Amino acid sequence: MRRRRMLTVSALTVAAALALSSCGGDGGDGDGAAAPAEIRGPITFAQGKDLSGELQKIIDGWNTAHANEKVKFLELPEAADEQRNSMVQNFQAKSDAYDVVATDVQWTAEFAARQWLEPLDEATFGGGDLLPAAVKTGKYDGKLYATPFNTNAAFLYYRKDLVPTPPATWAELTQACDSVAKTNKMGCYAGQFAQYEGLTVNASEVINSAGGELLKDSGKTVAVDTPEAREGLQFLVDGFEKGYIPKEAITFQEEESRRAFQQGQLLFLRNWPYVFGLANTKGPDSKIVGKFDIAPLPGKAGVGASTLGGYNLAVSSFSKNKATAKDFIKYMQSEESQQKVLTEMGFPPVLQSIYDDTALQGEFPYLKTLKEALLSAQARPASPNYNEVSLAIQTNAYAALQGQKSVDQAIKDMKAELERAAARN
Amino acid sequence: MSSATPTVDRPERSRAARGSGRRRRGATRSEGRLAFWLIVPTMATLAVIVGYPIVQAIYRSFFSDPIAGDAEFVGFENYTTALWGFERTEFWSAFWTTVFYTVSSVFLEVLIGFAMALVMNRAFRGRGLVRTSVLVPWAIPTAVTAVLWEWMLQPRGIVNAITGADIVWTGSEWWAKWAIVIADTWKTAPFIALLILAGLQIIPTELYEAAKVDGADAWRRFTTITLPLVKPALLVAVLFRILDVLRIYDLPAILTQGANDTAPLSLLVVRAAISNLQPGYGSALSTLTFLFIFLVAFLFVKLLGTNVVATQQRGVKN
């Protein structure tokens, strides 16, 4: 008797579970149909945590002028990975919760390939005064899916009290290492070499600075198996072997390398513009106030190619009010908004004219060098499987830096893994 | 005299048990039915919240992960990719890394935890304070522990400063692996200590007194009284910890980001399913991990489970 009851109950439970699961499966289908592009109305803007606190004021400028098309700022977590997870979940559910999204420059290919982003008009959002390298990061397969909002490029920070003229090539840098760094008993050069996205940035930079390439054709062709790429990676590997990159640098991310430079342990540092203000702040954190300056990164034969950082703005394919979304993006790229991006939020803007403004150059001394770096910057390889690509670059570069693989083997393995990632497209 | 106490109690206890048993058997039927129906809503909820995702994951693991378009049925391809296909080096490396963490971590935790439990079992002033403060590492969230240890293990950090070593802890394979084992042991030895302490407190002190009278030294008392009687609690603790460490994720993810061959199986799952947007392959890895852990638990209970009860009875008789 008891057994039969238990069986009945179990059967009912399983049936209930199956019934509930079937209704939970494709809940978002109704929202999936694309809305016509002319609809206007209130929209949401999803971006990672605004550390400056000033973004809302820029948005308020739009809201006062457009009472029927207000923009709601949805703050996502601070870490880039968490932002990506939020957006991916939103897109996978085909939800219209996010209308305008602030995407990292490397996510364009991933989101566009999965048809999560609305194509943008190239004349409006891809030309004019916008920085060309930044615009390129918004393109996938020949079409424009995202347009720049803020950008970033890296400098060579150097101790101007010890090295009056900054090195323009790697050869000059190693010369300074052998002479100046050795006599002063300090580490010579460091970037970010821990196994994380920062290593992909540094590795891609040295490979590009030597004239090599990683991927072509929106991530479909692998172009890393060249002597130039090997020379690029060899620069860093030699640094570790010969000791002018301190061995603890293998654990460095941005903050660790900044601290080492500020404590006077390094002659040269490769890092982002944010270090400038911090290193010049008087106090126990910085022993080098006023003793350093910045220059574009050195390369194999001339100026090196910094990696492009920054964020783009894109419209979700599942948004209901796409016309408003596009106009809002245009507003965020206007000269007024971009000036506030620099002065209030502290990010490099994407309009070239702002960099030439002499008043702003006085307020932000690194502006001129930053424009130089941005004009010669190259983005990391674009691919719909960017995370896989980044992992392939990171793990092999890391093994080479540790001396576990020869540079030749590392590049060969990188090629094989990149080909696998490309094949999945 | 002390050995006579258990036998005197037994006949009385069993008579009482027999009497109430007859009563209890009658009440059991309706109580049991009520209990059953009270559990049904919970079981139904669990089936939907836990059962359905598991079944869905296993189902999804038989399909591919295209960028755009629909997933196709590919049978066991995701599994073969992991086991002997393109990703085999990564998979088996993570497998042996997980096994290494489990064996070394659990071994060290039991050793240190046992010692801590023996100390806490003695009566001394401030024992309550010691017992509470021993729990502090266990109370700290694992993510915070990982960040703490990452700071301490920096090349110019405090561990290197105190020991005078110049080790790049998170920069080389074996040092990074030991860093994770150390952090994990520091965090969970208190947990094992408390479980063992509970087991130790059940042992009647008369046994020790009798043994002392019979002339047994401390080591003899430990091996013939403490160890056998604490075995059930110890085995439970060890089983919990083994299953826990086989699933380890947050410590390696934060301390080393899985670099230098420190990635455990769970990290591969998260990487595939979330970072690389490959739910099919991630589900396959997840199922493989589940099967492995299930196998370990099954073997553990099979080999040691039945012995636990027998050992206890034997111990008490002596």
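**View 1. Long-range contacts within chain B of the predicted model.** Let's start with how chain B holds its contacts: of those with a separation of 6 or more, 71% join residues 24 or more positions apart. The model shown here, and in every view below, is a predicted one. Chain B is 318 residues long, and 29% of these residues are buried.

**View 2. The helices of chain B.** Take a walk along the chain and you will meet 13 helices and zero strands. Written from the N terminus on, the order of elements in chain B is α-α-α-α-α-α-α-α-α-α-α-α-α. Two of these helices, α1 (4-60) and α12 (265-275), return in the next view.

**View 3. Where chain B touches chain A.** Here the two chains meet, with 25 residues of chain A and 22 residues of chain B taking part in the contact. On the chain B side, α1 (4-60) and α12 (265-275) each supply at least two residues. The most comes from α1(B), which gives seven residues to this side. Sorted by class, the side of chain B that touches chain A consists of 14 nonpolar, seven polar and one charged residues.

**View 4. Strand β13 of chain A and its covered faces.** Now over to chain A, where strand β13 spans residues 309-315 and is mostly covered, with seven of its seven residues buried. Look at one side of β13(A) and you will find A:G309, A:Y311, A:L313 and A:V315, all buried. Turn to the other side, and A:G310, A:N312 and A:A314 are buried as well.

**View 5. The strands joined to β13(A).** Strand β3 of chain A (residues 100-104) runs antiparallel to β13(A), and five bridges join the two. To pick out one pair, find A:D104, whose bridge partner in β13(A) is A:Y311. Strand β6 of chain A (residues 146-152) is also antiparallel to β13(A), joined to it by six bridges. For this pairing, a handy place to look is A:A146, which has A:A314 as its bridge partner in β13(A).

**View 6. A:A171, an exposed residue in helix α7 of chain A.** Our last stop is A:A171, which sits in helix α7 (residues 170-183) of chain A. A:A171 counts as exposed because 11 other C-beta atoms lie within 10 Å, and the cut-off for exposed is 12 or fewer. If you would like a second point for scale, try A:E110: the two residues are 61 residues apart along the chain, and their C-alpha atoms are separated by 38 Å.

How values were computed: Residues are numbered from 1 along each chain as its sequence is written. Chains are lettered from A and ligands numbered from 1 in the order in which they are written. This is a predicted model: local features need pLDDT of at least 70, side-chain atom pairs count only at pLDDT 80 or more; totals for chains, interfaces and linings use all residues. Two residues are in contact if their C-beta atoms, placed from the backbone, lie within 7 Å. Helices (H or I, at least four residues) and strands (E, at least two) are DSSP runs, numbered from the N terminus. Ala, Val, Leu, Ile, Met, Phe, Trp, Tyr, Cys and Pro count as nonpolar, Asp, Glu, Lys and Arg as charged, and the others, Gly among them, as polar. A residue is buried if 20 or more other C-beta atoms lie within 10 Å of its own, exposed if 12 or fewer, and partly exposed in between; C-beta atoms are placed from the backbone. Two strands pair if DSSP finds at least two bridges between them.
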